[in-house]
Amino acid sequence: LQSAIYPFLSDPQVNEIDARKRFEMEVFPDEHAVDSYKCYHDLTGTHPNLSFTVGDFVSTYSQQSKQNQYDVVATSFFIDTATNIYEYIYIMKHMLGTNGIWVNCGPVQWHPCALLRPTVEQLKDMLQVAGFELISWSVADEAVAYRHPDDVGGKGLEARYTRSEAYRPLQFVARLLSSQDDG
């Protein structure tokens, strides 16, 4: 079942180029998600086991009941929300079993209250020291708009606003070598 929304209808941006773009509709889940779900079901005969939790990451996932409970954790637009990035890394180790996989994609624009604001290279070192093997690690060559692909224009898209905000996402896949909670 798909639903339609109009995400820009009450957009507070006042630097629009064309007000008609406010009435553009988006449908979710998109066709790719629906097709992927059907393909998974056809191949396995089961439904994917995907969950998400709304709440505080630290208090929710540092609980003893979450230890070694996940084979894969995917984070999107997440790691730079950490007040203490060491705490996030430790909790990822706590959640994943040995050979567990952490997949990440998103900006590294640290929260204003962050105690540490490591560079991408420093973060890479932190993960390796914490016991993660980096299977892939890259910063995208092209900037991605924060809100909508046409925020920045280019690639045949007319820019939505006179001002744009974009980032080059950090993308990595890391494997936890040992599930020992040794900090």
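Hi everyone. Quick definition before we start: helices and strands here are DSSP runs, a helix having at least four residues and a strand at least two, and they are numbered from the N terminus. With that in hand, Lys21 is easy to place: this residue lies in the loop between β1 and β2. Please keep in mind that this is a predicted model.

Let's stay with that loop for a moment. Is Lys21 buried or exposed? Its relative accessibility is 13%, so Lys21 counts as buried, because buried means under 20%. From C-alpha to C-alpha, Lys21 is 10.0 Å from Tyr6 in space, with their positions 15 residues apart in sequence.

Phe23 is in the loop between β1 (3-5) and β2 (26-28) too. Phe23 has 57% relative accessibility and therefore counts as exposed, since the cut-off for exposed is over 50%. Phe23 also helps to make a nonpolar surface patch of about 510 Å², together with Tyr6, Leu9, Met25 and Val27.

Now, over to the pocket side of things. The largest pocket holds about 710 Å³ of space. It is lined by 22 residues, and those closest to the centre are Ser51, Tyr61, Val73, Ala74 and Met95. Which elements give two or more residues to that lining? They are α2 (57-61), β3 (70-76) and α3 (85-95). The largest share is from β3, which supplies seven residues.

For those of you thinking about chemistry, the lining of the largest pocket divides into 12 nonpolar residues, eight polar and two charged.

That's my tour for today. Thanks for listening, everyone!

Key
Residues are numbered from 1 along each chain as its sequence is written. This is a predicted model: local features need pLDDT of at least 70, side-chain atom pairs count only at pLDDT 80 or more; totals for chains, interfaces and linings use all residues. Side-chain values use heavy atoms; hydrogens and water are left out. Patches are made of residues with over 30% relative accessible area and no salt bridge: like charges are joined within 9 Å, nonpolar side chains (Val, Leu, Ile, Met, Phe, Trp, Tyr) within 5 Å. Accessible areas come from the Shrake-Rupley method with a 1.4 Å probe; for residues, only the protein chains shown count as cover. A salt bridge is a side-chain nitrogen of Lys or Arg within 4 Å of a carboxyl oxygen of Asp or Glu. Buried means under 20% relative accessible area, exposed over 50%, partly exposed in between (1.4 Å probe, protein chains only). On a 1 Å grid over the protein atoms alone, a cavity is a set of points where a 1.4 Å probe fits but cannot get out, and a pocket is an open set with protein on both sides within 12 Å along at least five of seven lines; lining residues have an atom within 4 Å of a point. Grid points are joined across faces, edges and corners, and a volume is the space filled by probe spheres set on the points. Ala, Val, Leu, Ile, Met, Phe, Trp, Tyr, Cys and Pro count as nonpolar, Asp, Glu, Lys and Arg as charged, and the others, Gly among them, as polar.
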